[in-house]
Number of protein chains: 2
Amino acid sequence: MATATASSATTHPMPFVRLELALLTVAEGALQVLLGRRSENPFAGRMALPGGVLRVDLDADLEAGCRRVAHERLGVELPAITQVGAVGGKKRDPRANWALSVVYRCLLPQASVQASPGKRLDQVRWVPADEAAADSKLAFDHGRLIGAAVDAVRLEFNELRFPHGFLPDVFTLTELKETSEAVLGRHLDKSSFRRRIDAAGVVQPVDGAVRTGANRPAQLYELARLATETRGM
Amino acid sequence: MATATASSATTHPMPFVRLELALLTVAEGALQVLLGRRSENPFAGRMALPGGVLRVDLDADLEAGCRRVAHERLGVELPAITQVGAVGGKKRDPRANWALSVVYRCLLPQASVQASPGKRLDQVRWVPADEAAADSKLAFDHGRLIGAAVDAVRLEFNELRFPHGFLPDVFTLTELKETSEAVLGRHLDKSSFRRRIDAAGVVQPVDGAVRTGANRPAQLYELARLATETRGM
DNA sequence: TCAAAAGTGTTTGGGTTACACCCATGG
DNA sequence: CCATGGGTGTAACCCAAACACTTTTGA
């Protein structure tokens, strides 16, 4: 932007720009990613991330475009979304001369997505994320993209930065710990986890609320609204 | 990419795509970023990151585009470059309806860039990075972009992942420590640094080579070529 | 023999893990 | 009163900071 003239915006042909979504959830004790089976070429029959074309007439910015795509293709309202990165080159997508994809990730409750076939994706379903990241048969470079998204989510959970909109409004610390274990794929110590949590101040107790059962009632917590001051994209 | 047809590539108007470079170096004991003064509108007179338009006819991929831009605008060959992220929206750049910028960062030796005025940037010069990140008078959203680039570089150095092409081929551990201190902006303990370094195995001694001076000679090291297995973009 | 910088060892403290132990409730 | 999960305390351990110390050269 330091150097382009007004004419640059029109004289040079521009790449084909798409948005890809790495939607993640926790199910069966592990991190899962939403994939669909492509019904058309290229890569017909292969599994792929859901996505869509950036629409400069409809999308105010990249995030808004992701929300539109999620809504159109999957009927999902996305909570907090985070950019994974951009990939682009001549050879990425046979449909275009030069294809650029901006990839976002989003953690959401499993129930918020009905695994219903979309427009050009059938058999939309949750797949264990580590399995998907290692799967060399995915369409395009989506395996790599999933790997990057998973790494970023694990980094966040390791640093106790829990995204809003993913967990239920209130939860017990044990539920939070078990979710973290599923995301990270390793055991966490109960005592140490509790201490780290309240040292970080990321949750606050909901005063009267407790969860009862055939045992001692559990204090319910909610995520603290804190300035995360992360300078990402 | 899961859903677009061949016609999508041509029927929808595409955004104006640019590449921006956050070139960083260490000088005067601190991290510096290369900025130029814009000679044209918009933001004439403001400081900005160097950058240029993505050329689908010339650039095989995003990284290649960055190298081309660096070469054309600044006459620099870039060593290892890393993506910071992408920003895009309707209102980012008054020259275009919809502007998308992909931002890369690169650490390089100060001497590799002659601070010579470029095509539409004059007064190209190194500015302390923290100062630039906090400067609200930079063109576009470049202050934020610099902040993200600086954070990413600090994270890398904290984890002892040193980029190739930035340091001289061989160096002493003290030089590496002092460079790290400049990047991180804080003091590092000599003993602890040495232990961490060789536990991580990121450098290897060059057998016969020592640096002499009015003191005990220092062993020279080089960066180990290791599989960094970072799943970024 | 002194200055200067390389290189090592030892202590301390913060934070996490592992694990044992109490607490409160429903059945 | 027992099973079940919530919640707490403690010792072991790991890692890095702090800092004092020895080593090796040129002057």
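This text walks through a predicted model of two protein chains and two DNA strands.

Start with how the protein copies are arranged. Two copies of a chain are related by a rotation about an axis and a shift along it. Here a turn of 180 degrees lays chain B on chain A. The shift along the axis is 0.0 Å, and the RMSD is 0.0 Å. That is the relation of a two-fold axis. Which C-alpha of chain B lies nearest this axis? It is that of G85(B), 2.6 Å away.

Next, look at where the chains touch. Chain B brings 55 residues to the contact, and chain A brings 55 residues. On chain B, several elements give two or more residues each to the side that touches chain A. Three of them are helices: α1 (8–11), α2 (62–74) and α4 (142–158). The others are strands: β1 (16–27), β2 (30–38), β4 (51–53), β5 (81–89) and β6 (99–107). The largest share comes from β5(B), with 6 residues. What kinds of residue make up this side of chain B? There are 28 nonpolar, 14 polar and 13 charged residues. The partner side matches. 100% of the interface residues of chain B are also interface residues in chain A, so the copies meet through the same surface.

Now turn to the DNA, beginning with strand C. Around DNA strand C there are 20 residues. The ones that come nearest are S192(A) and R216(A) from chain A, with T174(B), S191(B) and N215(B) from chain B. Chain A gives two or more residues from each of α6 (190–200) and β9 (215–223). Chain B does so from α5 (173–184), α6 (190–200) and β9 (215–223). Which element gives the largest share of this surface? β9(B) does, with 4 residues. By class, the surface near DNA strand C holds 5 nonpolar, 9 polar and 6 charged residues.

DNA strand D comes next. It has 20 residues around it. Nearest are S191(A), N215(A) and R216(A), along with S191(B) and R216(B). On this surface, α5 (173–184), α6 and β9 of chain A each give two or more residues. From chain B, α6 and β9 do the same. The largest share near DNA strand D, 4 residues, belongs to β9(A). The classes here are 5 nonpolar, 9 polar and 6 charged residues.

To retrace the path: begin at the axis, by G85(B). Move on to β5(B), which gives the largest share of chain B's side of the contact. Then find β9(B) at DNA strand C and β9(A) at DNA strand D.

How values were computed
Residues are numbered from 1 along each chain as its sequence is written. Chains are lettered from A and ligands numbered from 1 in the order in which they are written. This is a predicted model: local features need pLDDT of at least 70, side-chain atom pairs count only at pLDDT 80 or more; totals for chains, interfaces and linings use all residues. Copies are superposed by least squares on the C-alpha atoms of residues with pLDDT of at least 70 in both. Two residues are in contact if their C-beta atoms, placed from the backbone, lie within 7 Å. Ala, Val, Leu, Ile, Met, Phe, Trp, Tyr, Cys and Pro count as nonpolar, Asp, Glu, Lys and Arg as charged, and the others, Gly among them, as polar. A residue is near a molecule or strand if its C-beta atom, placed from the backbone, lies within 6 Å of it.
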